[in-house]
Amino acid sequence: MTETDRVKVKRRELTDTFLEGKNMSKVYGMGRKANRAVDNVNFKFRRGEIVSIVGESGSGKTTLAKMILGLTSITEGQLEVHGQPRAFGTTAEKREYWKNIQAIFQDPFSTYNVFSKIDKVLLNCIELRGQKNLPYAQKVEIMTEACSFVNLRFAELTNKYPFELSGGQMQRLMIARIYILKPKLLIADEPTSMVDACSRATILDMLLKLRDEEDMTIVFITHDIGLAYYVSDTIYIMKSGQFVEQGTSDEVILNPKSDYTKRLLSDVPSIYEPWDLSSDDVEEDEFAAASGGDS
Ligand SMILES: Nc1ncnc2c1ncn2[C@@H]1O[C@H](COP(=O)(O)OP(=O)(O)OP(=O)(O)O)[C@@H](O)[C@H]1O
Ligand SMILES: [Mg+2]
């Protein structure tokens with residue numbers, strides 16, 4: 001076992017394809033102004049798989065997420081759920097689809113209706129899950145459990161509006177929604193961008209726990225190739241709307257084939273150069289010296 005294997009999240013057997021994209025493209029605008037934001041991508045996301053999509057700003061990551069969620073149309077190609085073209089015509093079909101496929105976005109403020117109180121946000125999830133007619137006391141139980149999963153106290157949140165929460169609390173509330181909905185696939189578009197390193201680790205932890213407990217498929221969209229390597233089974237590298245490289249995280253990070261991936265990796269040498277770990281000691285010494293310690 002190598003040093004890098006040891007620190008990574010445990011792998012598992014992945015066989016059951018949940019979502020498959022076939023030659024999917026998104027073109028914004030028309031004629032000379034047409035912009036191919038996503039350009040002929042293919043992918044298979046399997047049950048319980050953790051996928052990362054990594055690419056620079058403007059490479060089409062969020063656009064792809066929006067196509068998968070049905071928030072924007074697919075210009076070319078198609079999306080299949082369990083081998084069937086996705087049914088997304090009627091309101092009932094959309095609700096069913098969103099029960100299974102959910103997202104948390106870069107900007108948590110945009111997820112919530114600012115005029116809905118927090119209990120309403122969570123009650124909507126219970127409804128979407130098909131439990132509209134449960135007695136209220138039971139709904140409170142579900143909401144309380146979801147809040148405590150993300151270290152929030154439901155009693156303190158009722159009657160508050162989302163904008164009265166901090167960025168970190170809001171992000172955890174988004175995960176409480178996911179905890180209630182238990183979708184089969186979750187797209188997390190830079191979910192940790194607003195929080196400090198400590199909350200970031202906690203949020204990742206919560207998401208990985210959901211994967212383990214529910215066999216949820218999680219698609220991380222991120223600029224952070226270190227995070228991608230640490231958590232993912234599979235990594236897709238995206239550039240100008242295309243996947244320029246894809247494979248297991250070891251294949252992509254330890255043995256990159258495309259020049260673009262190599263260039264991305266050159267910014268973070270410590271991921272695949274284990275001898276760099278020794279630099280920890282240097283930092284400790286430096287820290288001790290800088291903080292006036294005499295060790
Ligand atoms: N609603 C829209 N109308 C027109 N063009 C759009 C729209 N949304 C995105 N684009 C364009 O599509 C391309 C891809 O944008 P997208 O938001 O998917 O990038 P991204 O990879 O998510 O970037 P970032 O890392 O900065 O979030 C960009 O050229 C962008 O200008
Ligand atoms: Mg984006």
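**A mixed sheet, its covering helix and the shell around ligand 1**

Strand 8 is largely enclosed by the rest of the structure, because 6 of its 6 residues are buried, that is, each has 20 or more other C-beta atoms within 10 Å of its own. The structure described here is a predicted model. In a regular strand the side chains alternate between the two faces of the sheet. In strand 8, accordingly, Thr217, Val219 and Ile221 point one way, whereas Ile218, Phe220 and Thr222 point the other way, and all of these residues are buried.

Strand 8 belongs to an open sheet of 6 strands, arranged in the order 6-7-8-3-9-10 and with mixed pairing. The edges of this sheet are formed by strand 6 (101-104) and strand 10 (242-248), each of which pairs on one side only. Averaged over the sheet and with direction ignored, neighbouring strands are turned by 15° against each other. On one side, strand 8 (residues 217-222) pairs with strand 3 (residues 50-55) in the parallel sense, over 5 bridges; within this pairing, Ile53 stands opposite Ile221, and Val54 stands opposite Thr222. Strand 7 likewise runs parallel to strand 8, to which 5 bridges join it, and here Leu186 is found opposite Ile218. The two residues of strand 8 named as partners of strand 3 and strand 7, Ile221 and Ile218 respectively, thus carry side chains that point in opposite ways from the strand.

Helix 7 packs on this sheet, where it touches strand 6 and strand 7 (185-189), and its direction makes about 170° with that of strand 6. The helix comprises 15 residues (167-181) and reaches 21 Å from its first C-alpha to its last, close to the 21 Å expected at 1.5 Å a residue. Helix 7 is mostly covered, with 13 of its 15 residues buried, and it is followed by Lys182, for which phi is positive, near 45°.

A further set of pairings involves strand 1 (residues 17-28), which pairs with strand 2 in the antiparallel sense over 8 bridges; Thr17 of this pair stands opposite Arg46 in strand 2. The hairpin of strand 1 and strand 2 has 6 residues between the strands, and in it Gly29 takes a positive phi near 75°. Strand 1 also pairs with strand 4 (residues 76-81), again in the antiparallel sense, over 5 bridges, and the bridge partner of Lys22 in strand 4 is Gln78.

The residues around ligand 1 are Tyr28, Asn35, Ala37, Gly55, Ser57, Gly58, Ser59, Gly60, Lys61, Thr62 and Thr63. By class, this shell has 2 nonpolar, 8 polar and 1 charged residues. Strand 2 (35-46) and helix 2 (61-69) each supply at least two residues of the shell, and helix 2 gives the most, with 3 residues.

Taken over the whole protein chain, the secondary structure comes to 12 helices and 10 strands. Of the 295 residues of the chain, 34% count as buried. Among contacts between residues at least 6 apart in sequence, 67% join residues that are at least 24 apart.

Technical notes: Residues are numbered from 1 along each chain as its sequence is written. Chains are lettered from A and ligands numbered from 1 in the order in which they are written. This is a predicted model: local features need pLDDT of at least 70, side-chain atom pairs count only at pLDDT 80 or more; totals for chains, interfaces and linings use all residues. Helices (H or I, at least four residues) and strands (E, at least two) are DSSP runs, numbered from the N terminus. The expected span of a helix is 1.5 Å times one less than its number of residues. A residue is buried if 20 or more other C-beta atoms lie within 10 Å of its own, exposed if 12 or fewer, and partly exposed in between; C-beta atoms are placed from the backbone. Two strands pair if DSSP finds at least two bridges between them. Axes are lines fitted to C-alpha atoms, for helices over the stretch in contact, and angles run from 0 to 180 degrees between N-to-C directions. Two residues are in contact if their C-beta atoms, placed from the backbone, lie within 7 Å. A residue is near a molecule or strand if its C-beta atom, placed from the backbone, lies within 6 Å of it. Ala, Val, Leu, Ile, Met, Phe, Trp, Tyr, Cys and Pro count as nonpolar, Asp, Glu, Lys and Arg as charged, and the others, Gly among them, as polar.
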